[in-house]
Amino acid sequence: MALFVMVLRKMAKNGWLTVSLLGGLILSVALASSIPIYTEAILQRMLLQDLGQLQQSTGRYPGIHYAEAVMGGTSYWDPGEYKPEDRPQVVRDIDAFMRDEASPGFGLPVDLLVMERKTAYYTIVPADKSRVESETNRRAELAGRSGLYDHIRLVDGRLPAAQPVDGVYEALVVQQSLKAFNMVLGNEFVIEDEDAKTPVRIKPVGVIAKKDDADPYWYRNLETYAQTFFLDFGLYEQEITTGKVMPSTSASWLFALDYSALHLTSVHRFVAASEQIDRFLAQRFHTYSVDAPALATLDSYFEREARLRLTLWCLYAPILIVLAFYLYMVAGLITERQQTEIAVLRSRGASRLQIVGGYVLESALLGAIALAAGPWIGMLLTKVLGASNGFLEFVDRSALPVRVSEMAYRYALYAVAGSMGMTLVPAWLATRSTIVTQMRQKARPEGRSIWHRFYVDLVLIAAALYGLRTFDRQRADWTRLGTDATEISIDPSLFVLPGLFVLGSGLFLLRVYPGFIQLIYRLGRRRWPPVLYSTLLQVGRSGAQYSFVMMFLILTIATGLYSASAARTIGQNAEEKIRYRNGADIVLQQAWISEEAAGGGSAGALAGASAGGMKRMRYVEPSFERFTELPGVRQAARVFVKEDAAFLAGKESGRVRLMGINTAEFGRTAWFRNGLLDHHFNEYLNFIALDPKAVLISRSLADRGIGPGDVIHIDWNGVSAKPFTVYGVIDYWPTFNPNPASTAAGDKGAPQAPLLVVGHLEYIQMALALEPYQVWIKLKEESGRQPFYDAIGASGMKLSSLTDTSEQLIAAKNDPYQLAINGAMTTGFLLAAIVSFLGFLLYWVLSLSGRVMQFGIMRAMGISYAQLVGMLAAEQVLTSGAAVGIGGLVGHWTSVLFVRLFELSFNPAAQVPPFQVAFDPGDPVKLYLIVIVMMGVGLFILGWLLSRIRIHQAVKLGED
């Protein structure tokens, strides 16, 4: 108890330092806990969107879970799994399991639990052969389905009776049953079989249809029940499930779950419940099936969750370094103020563990507060993550479904433990000193820091550059081999490399910076005014004193620039990839009228295909000019693409992708990034414009020995070959991916690079064939898309395909990884700026309070208040200003070298155009503006504190 009281008094004595330390702890915990909160929130949104998309694309309700078991064979002599007398108990056992164990096991509200039983298929004959055609071969099954009447509508007839009517079982049928059985309602049929203990008489009395087509009650379409008689479910249970009349052969159970209540935490329960049902049925049946449409989607989320969490950890690595520095600095300042007290305790016999125990208790108290408050602040940070649309850009996006989960507290606990360890390091180091060693240290000049003595800066830089070189080699191999993104094993340490490089480079420049100050001092030592002379001496002789605050600013600026460049690069490369893949704002294919015509020539014979006597389609070309007249269209182009054309050039032959264009239209319409070719994109178009036989070939085709001036023959199935002349070689072209495709499993051959030939559309149509082409459209920037779509709908055009680049760009911006990167970069920098401002202000206020006597003596010597402020401003420029400059330099080189690591977020083989680091001049302006405001506020506060110094107080302090 005495130790606890002593710790509280010590915390109160250093109140504002303790509050600063607590703030750093809370921010560390908030940042760590925001990772699982954001991961769960964004994947939750994406999960519901994907499940909704699954329902739209397949028409199947994602909340369905279906299980079916076959209990017996087709006759009494073929009992199958269970004898008829055993089946009633089997059905009751499974019903109980599904209702009492499986249903709550899903962890979701169960909207429906549908039980269905069926008999085997039996031959049915008309009871009155004079009314029904007797020669028709009819086979049917009897079925009972729980809750049937609530999910159907009667098309004709009435509902069946719940009991046999004069020994006849009334039933419902679907519309297709009338045709399948060649009957009308009211016809009576008889089942005479060994399974039936007595002849079973059945009469259909009603025709049913679905009440709602979107009703999840129906697992199968009604057409599959064309040979089924539905009895009243209670009657079926009473007469058939019990085996009284005939045995059931199969049974099924359908769960309709409310998938909108699905969370990442319940995904595991859903999968586990499905596996439990599968195991339960596997132990009892050889023939059974389990199906859930959502399982394929849910299985991918475990991997995506792990990847997203790893991505966030990697993105937060720089800011975690900043927070670690902050905590270490504040803890060091607290320990420094208590150095004398620690030395006295050590001199009086206290052990190091006893002294550190007090700091452990203090850290535990602060850590408990941070653990309680941090996750909730992390939840607020998550909302910032969700609203971020770019670096320091925010949009009014729908709020993420955030909540503080158990995982968030687990991450918070990790952060508290790490932060406590960081704050205890200065205390442990301080316990080595006694009063004697402390006085000796004060008498000696401060030496180099431990980072510089052991060359930690050079080690960090070397480790980062080595990791980067390893990545570059791996990336080249991935691209050369056409490796798919799913086959790439990402080393998490790669994303720590930028933080190591920033830290190492900052420490290295701080190593040489005092020498730079000394050089400036020596160059003008006889000309500097007293104010600047004193400042240069102060900064040059006390370089280690400023290292922490300068490192803070270096980390903040470098992290901010790296974050801005990374967010900008990832967003821009994702956008360019979509634009390059599509080629234009709108790409559509109109439906052409066609008729079969006799083939001509050796169709595809150049590639070794046989084409004798083949038929080809003759097409009627629709009007192209109508597209140029649509509202919002700036330019339109015709683009013919033949994926499987054949080529022959000398001894080389094979399959090639042929693209036919009108050079003028194509140049004004297509999107293409500058710098991908040796010359401007339009120069290549102008080069081939005058010769109708001129073509451009891909680099992969040129590597086969084909070059400018060579003749290349091209054809395809049903078309005679025609010669073309090679005019140039291209490495990239809109929509063309020059990288080798991923090799198929088991294919030991090297992946082949795609081949491309670009020629004139008019000549291809005239010399080879007129076939459907795509229409590429470039829209006016100021126009919306809705008038364009309305005009297409009003014109009655029939389109076979349409690709809208804008829709894909919006989807890419809402991708969880893109949101995570934008949000993490923005949040990380804002936190770094806040922490750096607090550290900056904290350091300088303490520094000013420690130099009160120095400033008082200067005032007594006649130095004016304005000159003191000038000295302080010059000191700020030489320390904080220099740190900002160093941070900008380090941040720029970190971006140039390490932003390309984020190429791992894409598929290297599919990333075309190549990954390119992007910079926006506006991003550094934002950063420097924030830092300038931060330094301005800090300087104003320091000036205000300086104005409160009284000369007599400083002189009195000196006398004491």
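The following exchange explains the terms applied to this predicted model.

User: On what basis were the features of this model selected and numbered?

Analyst: In this predicted model, local features need pLDDT of at least 70 and side-chain atom pairs count only at pLDDT 80 or more, while totals for chains, interfaces and linings use all residues. Residues are numbered from 1 along each chain as its sequence is written, and side-chain values use heavy atoms, with hydrogens and water left out.

User: Why is T119 called buried?

Analyst: Buried means under 20% relative accessible area, exposed over 50%, and partly exposed in between, with a 1.4 Å probe and protein chains only. T119 has a relative accessible area of 3%, so it is buried.

User: Where does T119 lie, and which residues is it in contact with?

Analyst: T119 lies in the loop between β2 (110–118) and β3 (122–126); strands are DSSP runs of E of at least two residues, and helices are runs of H or I of at least four, numbered from the N terminus. Contact means heavy atoms within 4.5 Å. Leaving aside neighbours within four places in sequence, the contacts of T119 include E141, Y236 and M246.

User: What makes the span of helix α3 agree with expectation?

Analyst: The expected span is 1.5 Å times one less than the number of residues. For the 19 residues of α3 (residues 87–105) this gives 27 Å, and the end C-alpha atoms are 25 Å apart, which agrees.

User: Why is W428 called partly exposed?

Analyst: W428, in helix α10, has 37% relative accessibility, and therefore counts as partly exposed.
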